[in-house]
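Let's take a friendly walk through a protein model, one region at a time. Keep the 3D view open as you read.

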Amino acid sequence: MSWDTVLATAGLVVVIAPSLLVLAFCATALFTRQPSERLSARLTQAAVLAGLLASSLVLFGMLTTGNRNVIVELGEWVSLHPDETGEAYHFHLKFVFDRLSVPFVLLTFILVGTVGAFANNYLHREKGYGRFFALYSLFLLGMVTAILAGTVETLFLGWELVGLSSALLVAFFHDRTAPVQNGQRVWTVYRVADAAFLIAAIAMHQLVGGGDFAALTGEGAWPYAQASIAPGPALAIGLLLLIAAAGKSALFPFCEWLPRAMEGPTPSSAVFYGALSVHLGAYLLLRVSPLIQQSVPLAASIIALGAITAVYGAVVTRAQTDIKSALAFASLTQVGLITIEIGLGWQYLALIHILGHASFRTLQLLRAPSVLQDHQSLENALGGRLNAPKHRSDRSRLSRVLYRFAHRRGQLDGTMDRYLVTPLLSLFSGCQQLESRWLGWLAGPENGAPLDALPKTTAEASDLL
Amino acid sequence: MIELHFPLLELAILAPLVGAILAHGAAPDRARRIALTASALSLTCGLVAWFDLASIRSFEAHDRWTLLSWLPGGDPLVIDELSAPLIPLASLQFLLVILATLRTKASRFSLTGALISEAVVIATLATREPWVLATLLTLGTIPPTLELIRRGQTPRVFVAHMGLFVLLLFSGLAIRQLAAAGSLPHGIGEAFVTLAVLIRCGGFPLHGWIPDLFQRASFGSSILFMTPLLGAYAALRLVLPDSPDWALRTIATVSMLTALYSAGLALVERDARRFYAHLLLSQASLVLLGMELATLLGMTGALCVWLSVGLAMSGFGLTLRCVESRVGRLALDRFNGLHDAVPTLAGLFLLTGLASIGFPGTIGFIALEILIEGAVHSAPAIGVMLLIATALNGIAVMRAYFRVFTGKVHSGTINLKASPPERVAVLILSLLILGGGIFPQPGVASREHAARALLEHRQSGAKAALPDRETTSTATINRTIFTPR
């Protein structure tokens with residue numbers, strides 16, 4: 001058996017393993033009652049292990065053969081024949097194993113496997129155990145698909161699965177209102193990011209005649225490909241992708257969804273928002289890095305956005321009073337720095353930074369629930385206080401301003417609600433009122449059903465979304 | 001004339017009609033069994049007719065033995081590649097709604113009325129002849145009107161809109177016929193028919209009757225009146241073939257506005273039924289928009305979205321109806337927390353809602369992708385607005401899910417879990433939505449073929465209408481639709 005066959009087969013297993021896991025959960029949900037905890041855990045372990053082994057085999061094969069760009073073609077999922085003007089549609093399923101995707105997919109399987117094992121105990125006999133693992137499988141499939149995608153459509157497919165599973169996991173404890181509202185907020189930000197992503201994908205189709213990344217970023221193995229696209233279109237597509245990445249990676253001004261996402265169970269916070277999901281935007285920018293090098297204004301925008309996010313995260317994290325929020329904003333700082341590195345063209349550094357940060361943050365978040373106990377154990381052992389708080393009354397004016405800014409998290413969500421969400425909702429509410437009056441008049445005075453006044457304040461709008 | 005092997009279309013129409021006669025006055029349980037049998041028979045005939053058409057490898061076919069050939073103009077019933085999947089889809093929608101109707105709600109939902117409506121809908125979808133189509137579309141408006149009166153609700157909004165629709169439709173067809181004979185100038189008839197179609201489709205600002213209908217009529221009847229998308233069918237048969245470009249431009253622009261406007265209203269709606277009506281309107285407008293782009297991609301996308309919206313929105317409405325039948329009218333301005341009480345319905349609600357907005361893995365994903373691609377090819381601005389409408393709908397669907405199923409603990413002591421017939425309905429819909437999402441190519445290929453034929457038909461119509469113009473290709477005509485002049 002040649003190495004080509006081995007690599008292709010192993011590559012397929014990497015994609016198929018999480019797909020089968022999702023199908024298994026779907027089938028059990030459709031045809032039977034909820035699977036037992038043991039069955040859920042076994043299925044998950046098997047899928048993650050198969051994916052990890054197969055991706056390790058791909059890495060080994062790549063190192064052995066020297067092939068740094070393994071393509072696994074699944075052919076056309078959907079294709080429409082061109083008409084007289086050449087208009088056609090193709091959804092090409094193509095997966096790429098290269099220097100960028102292989103480390104990322106290995107990281108995904110390792111972290112997801114670790115967190116799966118952790119969650120198996122952490123959520124034992126929890127009411128939503130089955131739901132957690134079903135969403136977890138969806139997330140894994142989405143991540144693997146997005147990471148290995150060789151075409152923009154395939155990446156979008158994975159991108160959406162990650163978004164849905166993330167939003168539903170934020171709202172995991174759905175008996176309470178706050179997690180649900182936070183889940184809705186996360187979903188809304190993701191939809192905005194998805195719309196930008198899709199517009200970029202369509203623009204890419206128009207420009208290069210297809211969704212293949214190789215057509216956009218140039219042939220050759222990452223990161224040495226040379227994009228042949230002109231600077232103007234590169235800037236336009238790049239900015240749209242930057243908006244998409246900003247939504248997914250919680251870059252400025254979408255930063256506030258990340259601490260909101262910590263409302264979900266700790267395992268999902270750790271693996272999704274601390275480690276993988278939050279880096280997916282950065283991954284997208286890395287994937288199109290040859291495009292970034294084509295346009296200086298685009299690179300400058302990415303650096304600026306990264307810098308603002310890093311500074312914002314560094315300032316805000318210092319005033320957080322709960323450990324998961326502090327970690328969330330600390331993650332933002334690192335993601336901002338990673339974004340700067342991508343803008344500067346230091347792709348390898350950014351990749352290593354992602355790998356290190358994701359692993360470290362996962363550990364921190366998994367330890368977060370027991371950090372107080374650890375702290376108290378240490379203090380008991382030492383017989384005194386650790387890091388006794390310093391009470392200073394001589395703080396400068398700047399320090400006080402920054403503290404207030406950090407304490408209110410920069411009021412990013414509030415500002416967006418006030419200037420974007422509320423006017424939009426007020427507009428539609430006004431239309432609804434008008435429509436209601438018109439229909440009421442048409443139905444006759446005794447039959448009209450006028451609606452109550454609809455929300456107009458920022459707080460109500462925020463609650464609505 | 002190419003014929004099917006059996007008179008399947010007539011049987012598909014006759015089965016619910018006979019069922020309606022037998023069910024009328026029967027005991028509730030017996031009436032329900034009769035209705036289910038008749039609807040299942042109709043579905044079977046529709047499916048067999050579809051396969052029969054595929055087996056004889058023809059674009060269109062009439063029933064064998066032409067039982068209706070005595071009618072003026074010959075046998076009006078015909079199945080073609082466009083209507084072939086729409087007929088069983090409509091039968092399936094009726095079957096599932098009847099199946100998922102709880103016994104306790106039998107008194108509010110007229111099975112006889114549903115079966116008569118089914119016969120009319122299938123006859124409409126099996127007709128291309130304009131006058132017959134107009135008559136059937138008119139007949140289709142009678143059962144909802146009667147139901148509104150029976151429920152003690154005012155039919156004024158519905159009747160005002162449908163009356164105007166019928167008036168414009170018949171006047172338009174008459175003027176068009178006179179214009180063809182040279183008695184009247186061209187254009188007036190087309191304008192009337194276009195306006196009539198826009199009213200039937202719920203085009204902004206003449207859409208108010210749809211949320212009103214959902215609010216006043218029974219949910220089941222409203223779903224069955226709207227989800228077969230007969231307005232879009234009328235546009236396809238009456239406007240697309242030989243109407244001038246301005247008519248298509250008007251419909252496409254109004255559809256775009258409707259999609260955006262309704263998506264916005266769905267976002268702020270407080271009543272679950274009205275939310276559903278706005279969401280359906282927004283999604284159905286996308287079908288019309290794609291069709292009126294009159295490009296291959298746009299048309300194929302529209303026909304695919306038609307099937308996905310038909311399935312997904314039927315399922316979505318059905319789920320909402322099942323939940324309503326347990327806890328009463330649902331308000332979306334508060335959390336209802338029903339997830340743990342009805343987990344199966346919660347799952348289906350999310351699945352069908354996501355399918356309706358074209359989420360990956362569901363039947364709507366590829367359909368919407370093709371439609372967006374087609375829209376961008378015609379005019380990038382339309383593609384962007386379409387995306388905005390879809391994004392707003394996505395937010396609205398998730399908001400509705402969270403409001404209905406989460407946010408608090410439901411404290412009822414009565415078992416609300418889905419009944420076996422409801423579970424069967426859920427299973428069928430889920431399999432179709434997921435199956436179509438995982439294996440989209442057969443459906444897309446079939447719709448592409450139908451779209452090509454429709455565009456060729458339009459091209460031949462355009463050539464016939466403009467004999468003095470230089471002959472242009474379909475694509476050239478299509479490309480000019482959105483080009484400013």
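What follows is a short tour of a predicted model, going from a pair of strands to the contacts between chains and then to a nonpolar core.

**Two strands in chain A**

Begin with strand S1 of chain A, residues 69-80, which runs antiparallel to S2(A) and is joined to it by ten bridges. You can pick out one of the pairings by eye: A:Glu76 has A:His92 as its bridge partner in S2(A). Strand S2, residues 89-98 of chain A, is mostly covered, with seven of its ten residues buried.

A little further along chain A you reach helix H3, residues 101-122, and A:Ala117 has its place there. Is A:Ala117 buried or partly exposed? It counts as partly exposed, because it has 15 C-beta neighbours inside 10 Å, while a buried residue would need 20 or more. Now look for A:Gly211, which lies 94 residues from A:Ala117 along the chain; their C-alpha atoms are separated by 37 Å.

**Annotated spans**

UniProt, in unreviewed entries, lists domains for both chains. In chain A, residues 88-133 are listed as "NADH-Ubiquinone oxidoreductase (complex I) chain 5 N-terminal". The name "NADH:quinone oxidoreductase/Mrp antiporter transmembrane" is given to residues 152-378 of chain A and also to residues 163-391 of chain B. The table shows how each span looks in this model.

| Span | Distance between end C-alpha atoms | Helix | Strand |
|---|---|---|---|
| Residues 88-133 of chain A | 39 Å | 59% helix | 22% strand |
| Residues 152-378 of chain A | 50 Å | 78% helix | 0% strand |
| Residues 163-391 of chain B | 34 Å | 78% helix | 0% strand |

**Two domains in chain B**

Let's turn to chain B. Its domain assignment gives domain 1 (1-128) and domain 2 (151-481). Taken over C-alpha atoms, the centres of these two domains of chain B are 22 Å apart. How many residues of domain 1 of chain B are in contact with domain 2 of chain B? There are 24, and they meet 29 residues of domain 2 of chain B. On the domain 1 side of this contact, helix H3 (86-99) and helix H4 (111-125) of chain B each supply at least two residues. H3(B) provides the largest share of that side, seven residues. Sorted by class, the domain 1 side has 15 nonpolar, five polar and four charged residues.

**Where the chains meet**

Next, find the place where the two chains touch. Here 50 residues of chain B are in contact with 47 residues of chain A. Several helices of chain B each supply at least two residues of the side that touches chain A, among them helix H7 (156-180), helix H14 (296-327) and helix H19 (441-465). Which helix of chain B gives the most to this side? H17(B) does, with ten residues. The side of chain B that touches chain A divides into 28 nonpolar, 16 polar and six charged residues.

**A nonpolar core**

Our last stop is the largest nonpolar core, which has 327 residues. B:Ala232, B:Ala235 and B:Val287 touch the most other members of this core, and H14(B) contributes its largest share, 18 residues. Zoom in on B:Val287: leaving aside its neighbours within four places in sequence, B:Val287 is in contact with B:Leu229, B:Ala232, B:Ala302, B:Val305, B:Trp306 and B:Val309.

Terms used: Residues numbered from 1 in each chain as written. Chains lettered and ligands numbered in written order. Predicted model: local features only at pLDDT ≥ 70, side-chain atom pairs only at ≥ 80, totals over all residues. Buried ≥ 20, exposed ≤ 12 C-beta atoms within 10 Å, placed from the backbone. Helix = DSSP H or I, 4+ residues; strand = E, 2+ residues; numbered from the N terminus. Pairing = 2+ DSSP bridges. Domains from an automatic or database assignment. Contact = placed C-beta atoms within 7 Å. Nonpolar A, V, L, I, M, F, W, Y, C, P; charged D, E, K, R; others polar. UniProt positions renumbered as here; feature names shortened; annotations may be inferred. Core = buried A, V, L, I, M, F, W, Y, C linked by C-beta atoms within 7 Å.
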